[in-house]
Amino acid sequence: MSPLNTGVSNCRNVASYSFGAGTLSSLPSHVESLRKDANSYVIYYIDCYFQGSSSLLNGLALNPEDLCHFVDSSNEPTTSLVDEYVKSIRSAKNEILPAAIIGLGGGVTMDIAKAVSNLLNNPGTASDYQG
């Protein structure tokens, strides 16, 4: 199958975007509304610029089941990096999909969050959708 003919005619994409003043303070309640049960988890992709910000991390109200990845945004993401994230999530969470994927940061971080979300919900690898 060629990269432009994946067999997928319609794929689910990002359900919502939030940005602007007050977004971070409302994020925990929004995330909790998406959790289906106590075992539901959320994946956070956060620009490494914020890695030392305890106030940001504390404000997210992470659950023990959640996954948090700090993204090096100095280079564009590669398809192999996206595939590695997807593989590690599928392995760690036994193919159970997250309640949400949250991206905090700039373009690289958003690209990774969107790509991982798409691949967790659709067949193939990142390179299958590149083009």
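Is Phe-70 buried, partly exposed or exposed? Phe-70 counts as partly exposed, because its relative accessibility is 27%, and a residue must be under 20% to be called buried and over 50% to be called exposed. Keep in mind that you are looking at a predicted model. The protein chain has 131 residues, and buried residues make up 29% of them. Below is a short tour, starting with the whole chain and ending with a pocket.

**The overall plan**

- The protein chain contains four helices and three strands.
- If you walk along the protein chain from the N terminus, the elements come in the order α-β-α-β-α-β-α.
- Take the contacts in the protein chain with a separation of 6 or more: 74% of them are between residues 24 or more positions apart.

**Strand β1 and its partners**

- Strand β1 covers residues 42-47, and it runs parallel to strand β2, residues 67-71, with five bridges joining the two.
- Within this pairing, Tyr-44 has Cys-68 of β2 as its bridge partner, and Asp-47 has Val-71 of β2.
- β1 also pairs with β3, again in the parallel sense and over five bridges.
- On that side, Val-42 stands opposite Ala-100 in β3, while the bridge partner of Tyr-45 in β3 is Gly-103.
- Try tracing the path from β1 through helix α2 (residues 54-60) to β2: together these make a right-handed β-α-β unit.

**What is hidden and what is not in the strands**

- Why is β1 described as largely enclosed by the rest of the structure? Six of the six residues of β1 are buried, so the description follows from that count.
- Both faces of β1 are covered, with Val-42, Tyr-44 and Ile-46 buried on one side and Ile-43, Tyr-45 and Asp-47 buried on the other.
- Strand β3 (residues 100-104) has side chains that alternate between two faces.
- On one face of β3, Ala-100, Ile-102 and Leu-104 are buried, whereas Ile-101 and Gly-103 point to the other face and are not buried.

**A closer look at Phe-70**

- Phe-70, the residue from the opening question, has its place in strand β2.
- Which residues does Phe-70 touch, leaving aside its neighbours within four places in sequence? Its contacts are Ile-46, Asp-47, Cys-48, Phe-50, Gln-51, Leu-57 and Tyr-85.
- Two of these names, Ile-46 and Asp-47, also appear among the buried residues of β1.
- Gln-51 is 19 residues away from Phe-70 along the chain, and the C-alpha atoms of the two are separated by 6.7 Å.

**Two residues with positive phi**

- Most residues other than glycine have a negative phi.
- Asn-94 has a phi near 50 degrees, a positive value in a residue other than glycine.
- Glu-95 also has a positive phi, near 70 degrees, and again the residue is not glycine.
- Where do you find them in the chain? Asn-94 lies in the loop between α3 and β3, and Glu-95 is found in that loop between α3 and β3 too.
- Asn-94 is exposed because its relative accessible area is 61%, over the 50% cut-off.
- Glu-95 is exposed as well, with a relative accessible area of 58%.

**The second largest pocket**

- The second largest pocket holds about 380 Å³ of space.
- It is lined by 15 residues, and the closest to its centre are Val-82, Asp-111, Ala-115, Ala-126 and Tyr-129.
- Helices α3 (79-92) and α4 (107-121) each supply at least two residues of the lining of this pocket.
- Which element gives the most to the lining of the second largest pocket? That is α4, with six residues.
- Sorted by class, the lining of the second largest pocket has eight nonpolar, five polar and two charged residues.

Key. Residues are numbered from 1 along each chain as its sequence is written. This is a predicted model: local features need pLDDT of at least 70, side-chain atom pairs count only at pLDDT 80 or more; totals for chains, interfaces and linings use all residues. Side-chain values use heavy atoms; hydrogens and water are left out. On a 1 Å grid over the protein atoms alone, a cavity is a set of points where a 1.4 Å probe fits but cannot get out, and a pocket is an open set with protein on both sides within 12 Å along at least five of seven lines; lining residues have an atom within 4 Å of a point. Grid points are joined across faces, edges and corners, and a volume is the space filled by probe spheres set on the points. Ala, Val, Leu, Ile, Met, Phe, Trp, Tyr, Cys and Pro count as nonpolar, Asp, Glu, Lys and Arg as charged, and the others, Gly among them, as polar. Two strands pair if DSSP finds at least two bridges between them. A crossover is right-handed if, with the strands pointing away from the viewer, the path from the first strand over the helix to the second runs clockwise. Buried means under 20% relative accessible area, exposed over 50%, partly exposed in between (1.4 Å probe, protein chains only). Contact means heavy atoms within 4.5 Å.
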